[in-house]
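User: Hey, got a minute to walk through this one with me? Let's pull it up first.

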Amino acid sequence: MTYEFELNYFRGPLNAWIFKALSSYMNRLFGDSKRKLFEGHPSTVVEIGPGAGANMRYYSKGTNLIAIEPNLHMHENLHKSAYQYGINLKIRSLVGEAIDLPDNSYEFVVSTLVLCSVHDPEMVLQQIKRILKPDGKFVFIEHVKAKENTFLAWFQRLIHKPWHWFFEGCHTNRDTASILQSIGFSSLTIENYNQYSPFVAIIPQIRGRAIK
Ligand SMILES: C[S@@+](CC[C@H](N)C(=O)[O-])C[C@H]1O[C@@H](n2cnc3c(N)ncnc32)[C@H](O)[C@@H]1O
């Protein structure tokens, strides 16, 4: 099976602008979690779907960042963020389902708010596991499916279609925790939490770490 990212010349630039414009607010929401998850990261980091570069402010200056970002409309902002935060950026215009990096090679992989949007989250996670060194770590923050029979679950279903269209494939109600559990990481810590904000469709969230 081949995986491709469908570039959209209306939603692509609009989303790139939105993610850039929202970056300070999103960092207020997720900053504490990111600081804890990224603490002590190695000098090379692989990030899946870095968008406008929201995570760069949490990487040490001089970090070598390999950014797997298939959406070409995000690349200009990625370069700008890398310059702003002193990051050595290499962009791979690939989907996370088809990473072309070698097996058993990286100590640290990051994804934040990405597994909701990818076409095949199992495949992306298998790729992440493949490129990690034997004791390599994957850290993540994702918004996920709410508990059944709650207002949040109802709202996620209500808004799913337009949200999915507008945010280029984002699923409001993906059960990412179960998918993570199915991958066979040697160790997996998932914390469920609710980061409340006006973006009701992206409550609740999970954050955590997996070791290959
Ligand atoms: C909601 S944005 C999150 C951006 C950033 N990680 C953040 O936390 O602000 C989702 C990102 O995933 C990217 N993306 C979508 N499908 C992807 C795929 N199959 N593989 C890798 N990245 C993908 C999008 O282009 C976008 O940059």
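**Sheet, ligand and a few residues**

Analyst: Sure. This is a predicted model. Let's start with β1 (residues 44–48) and β2 (residues 64–68): the two strands run parallel and are joined by 5 bridges.

User: Which residue of β2 stands opposite Val45?

Analyst: That's Leu65.

User: And what's the strand order in the sheet?

Analyst: It goes β3-β2-β1-β4-β5-β7-β6, so to speak an open sheet of 7 strands with mixed pairing. β3 (88–92) and β6 (187–193) stand at the edges; each has a single partner strand, so one side of each has no neighbour in the sheet.

User: How many degrees are neighbouring strands turned against each other on average?

Analyst: 15 degrees, with direction ignored.

User: Which helices pack on the sheet?

Analyst: Helix α3 (residues 75–85) is one of them, touching β2 and β3, and its direction makes about 165 degrees with that of β3. Helix α4 (residues 121–131) packs on the sheet too: α4 touches β1, β4 (106–112) and β5 (132–143), at about 145 degrees to the direction of β5.

User: Let's stay on α4. Which of its residues are buried?

Analyst: Pro121, Val124, Leu125, Gln127, Ile128, Lys129 and Ile131.

User: What do those buried residues pack against?

Analyst: β1, β4 and β5, plus the helix α6 (176–181).

User: Switching to the ligand. How many residues surround it, and which are closest?

Analyst: There are 20 around the ligand, and the closest are Gly49, Glu69, Gly96, Glu97 and Thr112.

User: Where do the side chains of Glu69, Glu97 and Thr112 come in?

Analyst: Glu69 has a polar side-chain atom 2.7 Å from an oxygen atom of the ligand. For Glu97, a side-chain N or O atom is 2.9 Å from a ligand nitrogen atom. In Thr112, a side-chain N or O atom lies 2.7 Å from an oxygen atom of the ligand.

User: OK, cysteines. How many disulfides does a search of the whole structure find?

Analyst: 0. Cys116 is in no disulfide, and the nearest cysteine sulfur, that of Cys170, is 3.9 Å away. Cys170 isn't in one either, with the sulfur of Cys116 as its nearest at 3.9 Å.

User: Why doesn't that pair count as a disulfide?

Analyst: Because the two sulfur atoms would have to be within 2.5 Å, and these are 3.9 Å apart.

User: Are those two cysteines buried or exposed?

Analyst: Cys116 is buried, at 1% relative accessibility. Cys170 is buried as well, with a relative accessible area of 5%.

User: New topic: where is Asn71, and what does it touch?

Analyst: Asn71 is in the loop between β2 and α3. Not counting residues up to four places away in sequence, Asn71 touches Phe5, Leu7, Gly12 and Glu168. With Glu168 there's a polar contact between the side chains, at 3.1 Å.

User: Is Asn71 buried or exposed, by the way?

Analyst: Buried, because its relative accessible area is 3% and the cut-off for buried is under 20%.

User: Last one: what about Ala54?

Analyst: Ala54 lies in the loop between β1 and β2. Ala54 counts as partly exposed, with a relative accessible area of 22%.

User: Which residues is Ala54 in contact with?

Analyst: Leaving aside neighbours within four places in sequence, Asn27 and Lys34. The C-alpha atoms of Ala54 and Gly31 are separated by 9.7 Å, and the two residues are 23 residues apart along the chain.

Definitions and conventions: Residues are numbered from 1 along each chain as its sequence is written. This is a predicted model: local features need pLDDT of at least 70, side-chain atom pairs count only at pLDDT 80 or more; totals for chains, interfaces and linings use all residues. Side-chain values use heavy atoms; hydrogens and water are left out. Buried means under 20% relative accessible area, exposed over 50%, partly exposed in between (1.4 Å probe, protein chains only). Two strands pair if DSSP finds at least two bridges between them. Helices (H or I, at least four residues) and strands (E, at least two) are DSSP runs, numbered from the N terminus. Axes are lines fitted to C-alpha atoms, for helices over the stretch in contact, and angles run from 0 to 180 degrees between N-to-C directions. Contact means heavy atoms within 4.5 Å. A residue is near a molecule or strand if one of its heavy atoms lies within 4 Å of it. A polar contact is a pair of N or O atoms within 3.5 Å; within protein, one must be able to donate a hydrogen and the other to accept it, and residues adjacent in sequence count only if both atoms are side-chain atoms.
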